Amino acid sequence: RDDFQYILSPGNFVDIPPGVFRFQGDDQGLLSDALGSRARAMAIKVSDGYQLEAVIPWSDMGITPQSGLTIGATLSTNDNDTPGTAKQELMLSHVSTRLWRDPTSWGTLVLK
């Protein structure tokens, strides 16, 4: 239950605004929509694509930040250029061995 996945979207720069979608793990190892997130995203177009920024409050994950706190974390990006589908056409992660359903395969983040 203390595992979360945040998906950031730049929107389409026309009629779909940037968004953040939060999913939370359960005792069966499944991810479900976790409503009530206060995470926000902003996207701007640049000459070679877009820049995407997000704010995810610590309280969104039930964490109180403190020096030395170690949490599991993986940064990944995926791409879908086929509107109307949930097809993942590309996935890049800073942890090449990560498995999306196995948080023990993620990297670690240590707060200073």
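A contact is defined here as a pair of residues with heavy atoms within 4.5 Å. In the predicted model, 35% of the contacts between residues at least 6 apart in sequence join residues that are at least 24 apart.

The secondary structure of the protein consists of nine strands and zero helices. From the N terminus on, the order of elements is accordingly β-β-β-β-β-β-β-β-β. Along the principal axes, the C-alpha atoms of the protein fill a box of roughly 40 × 25 × 25 Å.

Strands of a sheet pair through backbone hydrogen bonds, in either a parallel or an antiparallel manner. In the present model, three strands form an open sheet with antiparallel pairing, arranged in the order β1-β2-β3. The edges of this sheet are occupied by β1 (4–9) and β3 (31–33); each has a single partner strand, so one side of each is left without a neighbour in the sheet. From one strand to the next, the twist averages 30°. Strand β2 (residues 19–25) runs antiparallel to β3 and is joined to β3 by three bridges. At the level of individual residues, Q24 has S32 of β3 as its bridge partner.

With regard to solvent exposure, 19% of the 112 residues of the protein count as buried. The exposed area of the protein is about 8400 Å², of which 54% is supplied by carbon and sulfur atoms. The protein carries 9 positive and 13 negative charges, and the mean positions of these two sets are 4 Å apart.

Key
Residues numbered from 1 in each chain as written. Predicted model: local features only at pLDDT ≥ 70, side-chain atom pairs only at ≥ 80, totals over all residues. Heavy atoms only, no water. Pairing = 2+ DSSP bridges. Helix = DSSP H or I, 4+ residues; strand = E, 2+ residues; numbered from the N terminus. Axes fitted to C-alpha atoms, helices over the stretch in contact; angles between N-to-C directions. Buried < 20%, exposed > 50% of the residue type's maximum accessible area, 1.4 Å probe, protein only. Areas by Shrake-Rupley, 256 points an atom, 1.4 Å probe, with all protein chains shown as cover. Lys, Arg positive; Asp, Glu negative; His and termini not counted. Charge placed at Lys NZ, Arg CZ, Asp CG, Glu CD.
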